[in-house]
Amino acid sequence: ALQAGLAVLLKAERLFHSSYHSQAVHIRPVCRVTHRFAQLPCAASLSLVQDASCLAVSWELRQTLTVVFDTFSSGQGKKDWSLFKMFSRTLTDACPLASQSKVYVDISPKNKEKELLEVTPAPASVHEAIVQGDKRTYAVYDLLSPSLFNTSRSLNVQLKWKRPQESSELPTPVLHAQRYVSGYGLQTGEISTLIYNTHPYRAFPVILLETVPWYLRLYVHTLTIITKGKENKPS
């Protein structure tokens with residue numbers, strides 16, 4: 001049974017009733033030992049340089065789980081949420097085998113004058129990053145911090161808006177997509193995916209992962225990519 005760390009949130013009946021979930025396993029070779037060092041121009045700086053011939057290679061295993069909850073529609077138009085509302089569980093401790101275990105909560109609203117959000121409990125630290133050209137701020141909860149579970153043995157991160165939103169519409173993300181299946185059989189069956197970039201001037205690289213229905217067989221030579229009315233050759 002999964003009873004420690006972030007894994008306690010993996011409750012099957014909650015995950016499989018979400019709007020979207022995806023599980024993936026990534027395996028790749030990683031160079032474990034190299035033998036060359038290079039002196040950088042700056043003083044007292046050493047950098048490990050990747051050599052063409054590795055002395056030893058390890059295999060890296062990375063498992064990911066992506067889940068999308070539509071709490072906006074299920075919450076009668078409210079954008080408030082909490083871990084307990086989404087997973088029916090809260091966090092009680094960190095995984096004893098984990099060297100890192102953190103929860104990041106996006107606390108950077110699009111319009112700070114109209115939307116004043118409040119996240120509880122108050123985070124011990126915040127992290128700032130540039131995502132798709134926009135500055136984002138994240139509240140960070142470190143499950144390995146001894147002070148996090150001092151007051152309570154349960155961590156239920158909650159996000160609330162201090163005043164009601166003037167509009168019930170969610171903002172359109174910079175990158176969004178639509179997908180549909182048309183036709184039938186091997187001859188006329190077709191999958192169409194429309195990807196939109198609403199950024200006024202910036203282009204973004206896109207990696208498309210398709211989940212193909214069992215009754216539809218795809219042929220690579222039939223793949224076509226059209227951008228602004230012109231065919232775009234895929235890499």
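A residue is called buried when its relative accessible area is under 20%, exposed when over 50%, and partly exposed in between (1.4 Å probe, protein chains only). By that rule Lys-11, with a relative accessible area of 19%, is buried. Welcome to a short tour of a predicted model, in which local features need pLDDT of at least 70, side-chain atom pairs count only at pLDDT 80 or more, and totals for chains, interfaces and linings use all residues. Residues are numbered from 1 along each chain as its sequence is written, and side-chain values use heavy atoms, leaving out hydrogens and water. Helices (H or I, at least four residues) and strands (E, at least two) are DSSP runs, numbered from the N terminus.

**Salt bridges**

- The whole structure holds 4 salt bridges, each being a side-chain nitrogen of Lys or Arg within 4 Å of a carboxyl oxygen of Asp or Glu.
- Side chains of opposite charge can pair when their charged atoms come close.
- Lys-11 is joined to Glu-13 by one of these bridges, at 3.7 Å from N to O. While Lys-11 is buried at 19%, its partner Glu-13 is partly exposed at 45%.
- Another bridge connects Asp-106 and Arg-136, whose closest N and O atoms are 2.8 Å apart. This pair links distant parts of the chain, since Asp-106 sits in strand S6 and Arg-136 in strand S9 (residues 134-142), 30 residues apart.
- Both partners of that link can be placed on the accessibility scale: Asp-106 is partly exposed at 31%, and Arg-136 is partly exposed at 22%.
- Lys-135 and Glu-128 also meet through their side chains, in a salt bridge of 3.4 Å from N to O. Here Lys-135 is exposed, with a relative accessible area of 55%, and Glu-128 is partly exposed at 47%.

**Two buried residues and their surroundings**

- Val-103 belongs to strand S6 (residues 102-106), and its relative accessible area of 14% makes it buried.
- With neighbours within four places in sequence left aside, Val-103 is in contact (heavy atoms within 4.5 Å) with Leu-6, Leu-91, Ala-139, Val-140, Tyr-141 and Leu-143.
- For one of these partners, Val-140, the C-alpha atom is separated by 5.8 Å from that of Val-103, although the two residues are 37 residues apart along the chain.
- Ser-18 is found in the loop between helix H1 (12-15) and strand S1 (20-33). Ser-18 counts as buried, because its relative accessibility is 14%.
- The side chain of Ser-18 has a polar atom 2.5 Å from the backbone oxygen of Leu-15, and a polar atom of this side chain lies 3.3 Å from the backbone oxygen of Tyr-20.
- Beyond residues up to four places away in sequence, Ser-18 touches Val-67, Val-68 and Phe-69.

**A nonpolar patch on the surface**

- Val-25, Ile-27, Trp-59 and Leu-61 make up a nonpolar patch on the surface, with about 500 Å² of accessible area together. S1 and strand S4 (56-68) are the elements that give two or more residues to this patch.
- Patches are built from residues with over 30% relative accessible area and no salt bridge, joining like charges within 9 Å and nonpolar side chains (Val, Leu, Ile, Met, Phe, Trp, Tyr) within 5 Å. The areas come from the Shrake-Rupley method with a 1.4 Å probe, and for residues only the protein chains shown count as cover.
- Trp-59, a member of the patch, lies in strand S4 and counts as exposed at 65% relative accessibility.

**Backbone features worth a look**

- Most residues other than glycine have a negative phi, and most peptide bonds are trans.
- The peptide bond from Thr-120 to Pro-121 is cis, its omega being near -5°. Pro-121 is in the loop between strand S7 (117-120) and strand S8 (125-131).
- Ser-88 is not a glycine, yet has a positive phi of about 60°. Ser-88 falls in the loop between helix H3 (83-87) and S6, where it is partly exposed at 28% relative accessibility.
- Lys-228 also has a positive phi, near 55°, in a residue other than glycine. Its place is in the loop between strand S13 (226-227) and strand S14 (230-231), and Lys-228 is exposed, with a relative accessible area of 83%.

Notes: Polar contact = N/O pair within 3.5 Å; in protein donor to acceptor, adjacent residues only side chain to side chain.
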